[in-house]
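Got your viewer open? Let's take a short walk through this model, one selection at a time.

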Amino acid sequence: MAVAVEFAKSPAEVLRVGPGFSLAGVDPDSTPGYPGAKADGKALLEAQDAQMAELQEKLFAQGRFGSPKRLLLILQAMDTAGKGGIVSHVVGAMDVQGVQVSAFKAPTDEEKSHDFLWRIEKQSPAAGMVGVFDRSHYEDVLIHRVHGWADDSELERRYAAINDFEARLADQGTTIVKVMLNISKDEQKERLVARLDDPSKHWKYSSGDLAERAFWDDYMDAYGVAFEKTSTDTAPWHVVPANKKWYARIAVQQLLLDALEGLQLDWPKAEFDVAAERALVVAS
């Protein structure tokens, strides 16, 4: 039976985007900070589910009693990188009543009539909640930069607006965990072919995925600029090698656990006489 081998180095440290960071220098096949193998990683994922669930329940309970604390996980990646697997296998350990998942697709005509952050702000997590952005406001600097839909001055405005937005969230009590799942171009090809070879996964395939794949290098450049402009002390980016799905999942799980533990959560104190209430229940 596999042992739940823990991280030797914290993902919050080894995966964080810092000064001089280069996306080209990250090996998508690597497992930074983790000394175990696939079986060990799967065991760790399962072993930490209960801890994740308890911390999230404490967060939710505190939110019911006035705490402003909340958590936002922002997931960005190229197609097939495994965002859905993170939601299912990592966030899925949490109680659904305390989780809000928002998947941002192409904006509607109404959304286009507003500034790009308008639809994003409406989905920000409330107190006590864990919010997940499956894609996010970063699409509005990534794809717009790649396809030239916004000029340099507008892109600079958006980078600044994103930093201001995330700073406001932090001021409201939101802890932000930003993750880019980093797969290789060859790995994406294998995953796209696998989707086409499996009738049960045809619904996941879109010819648009292939069209965007042609701009791979441009997207890598756009991610690099986004990291440079928006990896802040308040909301730093973490680049997670994602060719190995099992590693990506335990890395994101650990980032969330570290963030939740950093909130110093506890169960809300009873606002009534517990002994007296217990006696009434026993006597009822």
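Start by selecting α11, which gives the second largest pocket the largest share of its lining, 7 residues. Keep in mind as you click around that this is a predicted model. Now add F21, S22, L23, A24 and G224: of the 19 residues that line this pocket, these are the closest to its centre. The space inside the second largest pocket comes to about 290 Å³. Try colouring its lining by class, and you should get 10 nonpolar, 6 polar and 3 charged residues.

Keep α11 (residues 216-230) on screen and bring in α8 (residues 152-171). How do the axes of these two helices cross? They come within 10 Å of each other, at an angle of roughly 50°, so α8 and α11 count as oblique to each other. The crossing of α8 past α11 is right-handed. To see who does the touching, show E156, Y159, I162, N163 and E166 on α8, then V225, A226, K229 and T230 on α11. Sorted by class, the residues of this contact are 4 nonpolar, 2 polar and 3 charged.

Next stop: the largest pocket. Select D79, K83, K105, R135 and D209, which lie nearest its centre among the 46 residues of the lining. About 1400 Å³ of space lies in here. Which elements give two or more residues to the lining? Light up α4 (83-89), α5 (109-112), α6 (118-121), α7 (139-147), α9 (185-197), α10 (207-213), α11 and α12 (245-262). Yes, your old friend α11 is on that list. The largest share, 5 residues, comes from α7. Colour by class once more: this lining has 16 nonpolar, 9 polar and 21 charged residues.

Last stop, and you'll want to zoom in. How many cavities of 30 Å³ or more does the structure hold? Just 1. The largest cavity has a volume of about 30 Å³. To find it, select A81, G82, K245, A248 and R249, the residues that line it. They split into 2 nonpolar, 1 polar and 2 charged.

Before you close the window, go back to α11 and show three things together: the crossing with α8, the second largest pocket, where α11 supplies 7 lining residues, and the largest pocket, where α11 gives two or more.

Notes
Residues numbered from 1 in each chain as written. Predicted model: local features only at pLDDT ≥ 70, side-chain atom pairs only at ≥ 80, totals over all residues. Heavy atoms only, no water. Axes fitted to C-alpha atoms, helices over the stretch in contact; angles between N-to-C directions. Helix = DSSP H or I, 4+ residues; strand = E, 2+ residues; numbered from the N terminus. Parallel < 35°, antiparallel > 145°, perpendicular 65-115°, else oblique. Left-handed = near helix turned anticlockwise from the far one by under 90°. Contact = heavy atoms within 4.5 Å. Nonpolar A, V, L, I, M, F, W, Y, C, P; charged D, E, K, R; others polar. 1 Å grid on protein atoms, 1.4 Å probe; cavity = no way out; pocket = protein on both sides within 12 Å on 5 of 7 lines; lining within 4 Å. Points joined across faces, edges and corners; volume = space filled by probe spheres on them.
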